[in-house]
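User: Hello! I am new to this structure and would like a close look at one part of it, the charged network, with enough of its surroundings to find my way.

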Amino acid sequence: MAETSISFPRGTASLIGKLPWILAGFVAAICLLPHISVLVAAFMGSTETLQSLADTVLGRYTRATLVLLVTVVTFSTLIGTVTAWLVTTTEFRGRRVLEVALVLPLAFPAYVLAYAYTHVLDHPGIVQSTLRAVTGWGPRDYWFPEIRSLGGAAAMLTLVLYPYVYLLARAAFASQSATTFYAAQSLGQTRFGAFWRVSLPMARPAIASGAMLVGMETIADFGTVSYFGVQTFAVGIYSSWFTFADRAAAAQLSLGLLAFALLLAILERVNRGEARYAFGRKFEPMPRVSLTGWSGGLALMTCFLPAFLGCLLPVVMLSEMAVGSEQSLFSPRYLQFAQNSVTLGVCAALLTVAVALLFGSLARNRHSWFATTVLYIGRLGYAVPGGVIAVGLLVPFAFFDNALDAYMREAFGISTGLLFTGSIWLLVCAYMIRFLAAAIGAYEGGVAVINPNMDAAARVLGQSEWGLLRRVHFPLLRPSLFTALLIVFVDVMKELPATLIMRPFNFDTLAVQAHRLAADERLAGAAVPSLVIVAIGTLPVILLCRRIRNEQGNKKEGA
C-alpha cells in the first residue's frame, strides 16, 4: 500500500517550517523575562528603598549568605571528593552498598532534614531531654550546639548536597586510566602523592562543576534558612514581597542574589579554564587497593556517616514523628495536596522536557547562532534561584493584569481580575525556566551517542527534520528523556520558594503543607508530607544508581 503524503500550499509549508523557530524564540523570551524584569524593577525602584536596605538588612543578608555558601561548598566538596575516591579505588567491607547509599541523600530536601533534626536535637527533643534526665542538669547547666543556627543550616545543606560533588567526582575518577597513576608512582610518588598531584588535578573540572551546583542550591535555599531563622537573600526576598509588600525591595534583593549566582558561574568557569586531559590510547581501569584492619574501618566510617546522617537516620526520625502525629495521609485534604503536587510536577516535567527536545533538536540539526543562543538561554535558569524567577515573572505579569483590568473597567465597565498572576500555568512556566538546564543536560547526554551518520542516512531516505526526530532520535532518546522527566518531576516536588510566592490562592502542595506545619512548630505533622516527598524523590535516585552500575559494567567489558 503506497504511503500517502500531505501537501500544503507554498505559504503554509513555509510557515510550518518556521514554526519551530518561532516557538523556540517565544519560549526563549519567556526564559529571559525574569532576568530582564528583575533588572528593570530593581533600577526603577527608589533609591530610598535601596538606602534603607543598605542601612538595615543588606549587610546581614550578605554576610549570612557568604558564610553559608563558603561553609556548605567547602564541606560538600571535601565529603564528595574523599568518598568518591574511596569507593572508586579501594575495596573495603560494605563498599558496594555504600557506593549507592551515598547518592540517596539527594532525594531529601534540606528543609525536611531540618524538621527531623530539630525534632531530635532541639531543647525539648529526645537527645537533650535524655541528657537532662540522666545527669539531673537544668536547662542552663550545660552547653549544647544550637541546631537553629547558621551552622545548623549549613550542616543540613551539606548532608543533602554533597552527592552533587560525589557523583561528578566519582565519574571523573572512574574514567581515569591507571597508566598515569603508575607513571607517577614510578617517578617516586606515594599512593597519596599520586592522588594529590595527578588524579585530583585531572578530576578538578568535574569537582568544580559539582561545587558550583552545590553553591547554586545553597544560595537558592529558602525552607531551611527560614525555618532556622538565618537571614539570607532568599529569606529577604520572600519577606519583602509578602510581609512588607515592597516589590522594589524584593526586586533589588533578587538582583543581589542573581549577582551571587553569576559570580559562582564565573568562578567555576575561570577555575576550569581550558583544562584538557588525555589518557592515551590504552585505557586500564584503576586497580582497587584492599583495605583491612583500622584502614578498612576508617574508610567504612568515612563513607557510612554521610549516608547515615543524610538518609537513614532522617527516615527513622520522620517515621517515628509521623506515627505520633494526627495527620492522615489518606484524608481528603492530604489527597488534595498530593494531587496538586503531582499535577504541577507532571505538567512542569512534560513542558520542560518538550522544550529541551525542541531546543536541542534545533541546535543539532541547524548549526546557527540563533539555535546556539536559544540553547544557552535555556541553561541560564539553573543559575537563578526560584525566588528570583518568581519575582521576575510576577512583576511584569502583575503590571499587565492591572493595566488590562483598569482598561476593561474604564471601557466596558467589567473587571477581568488577575488573568495571569497567581495562575497555575505561570507557576509551571517558572518551574520550566528553573529546571530546563537539567532536561537539556539529559537530552545532550542521550544524543551524544547517536552517530551523525544516522542523521545523514535518514535525510538521504527522505526524512524531514520532524521525521528524523520522530523516527530516529526519539526512540533512541527514550531512556534519557524518561530520566529527565523524573528529575524535573522530583525537583518540582521539592521546590519551595517559587511555589510559596506564585501558587494560586488555596492551592497548596505537600512542600507548602510541610513548611506551614513546621513554621507553626508542628513538626510531627510536617513529617507526613515530608516522607511522601522523600519517597517520590527516591525513584530517580535509584534509576540514576542503576545507570551508573550499567555504565560500569559496559566499561569493564570494553576494557
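Please walk me through the salt-bridge network and then through a few other places in the chain.

Analyst: Happy to help, beginning with some ground rules. This is a predicted model, in which local features need pLDDT of at least 70 and side-chain atom pairs count only at pLDDT 80 or more, while totals for chains, interfaces and linings use all residues. Residues are numbered from 1 along each chain as its sequence is written, and side-chain values use heavy atoms, with hydrogens and water left out.

Here is the overall picture. The chain holds 22 helices and two strands; helices (H or I, at least four residues) and strands (E, at least two) are DSSP runs, numbered from the N terminus. Of its 559 residues, 50% count as buried. Buried means under 20% relative accessible area, exposed means over 50%, and partly exposed lies in between (1.4 Å probe, protein chains only). About 27,300 Å² of the chain is exposed, and carbon and sulfur atoms supply 67% of that; accessible areas come from the Shrake-Rupley method with a 1.4 Å probe, and for residues only the protein chains shown count as cover. When contacts between residues at least 6 apart in sequence are taken, 81% join residues at least 24 apart, where contact means heavy atoms within 4.5 Å.

Now to the part you asked about. The structure holds eight salt bridges, a salt bridge being a side-chain nitrogen of Lys or Arg within 4 Å of a carboxyl oxygen of Asp or Glu. Glu 91, Arg 95, Glu 99 and Arg 170 are linked in a network of them. Let us start at Glu 91, which is partly exposed at a relative accessible area of 31%. Its side chain meets that of Arg 95 in a salt bridge (3.2 Å, N to O). Arg 95 counts as buried, with 5% relative accessibility. The side chain of Arg 95 also forms a salt bridge with Glu 99 (3.4 Å, N to O). Glu 99 and Arg 95 are separated by about one helical turn because they stand four residues apart in helix α4 (residues 95–101). Glu 99 is buried too, at 7% relative accessibility.

From Glu 99 we move to Arg 170. The side chains of Arg 170 and Glu 99 make a polar contact (2.4 Å). A polar contact is a pair of N or O atoms within 3.5 Å; within protein, one must be able to donate a hydrogen and the other to accept it, and residues adjacent in sequence count only if both atoms are side-chain atoms. Arg 170 sits in helix α7 (residues 150–174) and is buried, with a relative accessible area of 7%.

Another salt bridge lets you see the pairing elsewhere. Arg 516 and Asp 508 form one, their closest N and O atoms being 2.8 Å apart. Arg 516 is partly exposed, at 28% relative accessible area, whereas Asp 508 counts as buried at 9%.

Next, look at two residues through their neighbours. Glu 217 belongs to helix α9 (residues 191–220) and counts as buried, at 19% relative accessibility. Leaving aside residues up to four places away in sequence, Glu 217 touches Leu 161, Tyr 164, Tyr 382 and Arg 434. Leu 344, in helix α14 (residues 332–365), is buried with a relative accessible area of 3%. With the same exclusion of residues up to four places away, the residues touched by Leu 344 include Ile 424, Tyr 431, Val 492 and Phe 507. Leu 344 and Thr 499 are 155 residues apart in sequence but 9.9 Å apart in space, C-alpha to C-alpha.

Finally, helix α15 (residues 369–380) shows two faces. Its 12 residues should span 16 Å at 1.5 Å a residue, and its end C-alpha atoms are 17 Å apart, which agrees; the expected span is 1.5 Å times one less than the number of residues. The buried residues of α15 are Ala 371, Val 374, Leu 375, Ile 377 and Gly 378. They cover an arc of only 160° around the axis, so they lie on the same side of α15; the arc is that of the directions from the helix axis to the C-beta atoms. The face turned away from this buried side carries the exposed residues Trp 369, Thr 372 and Tyr 376.
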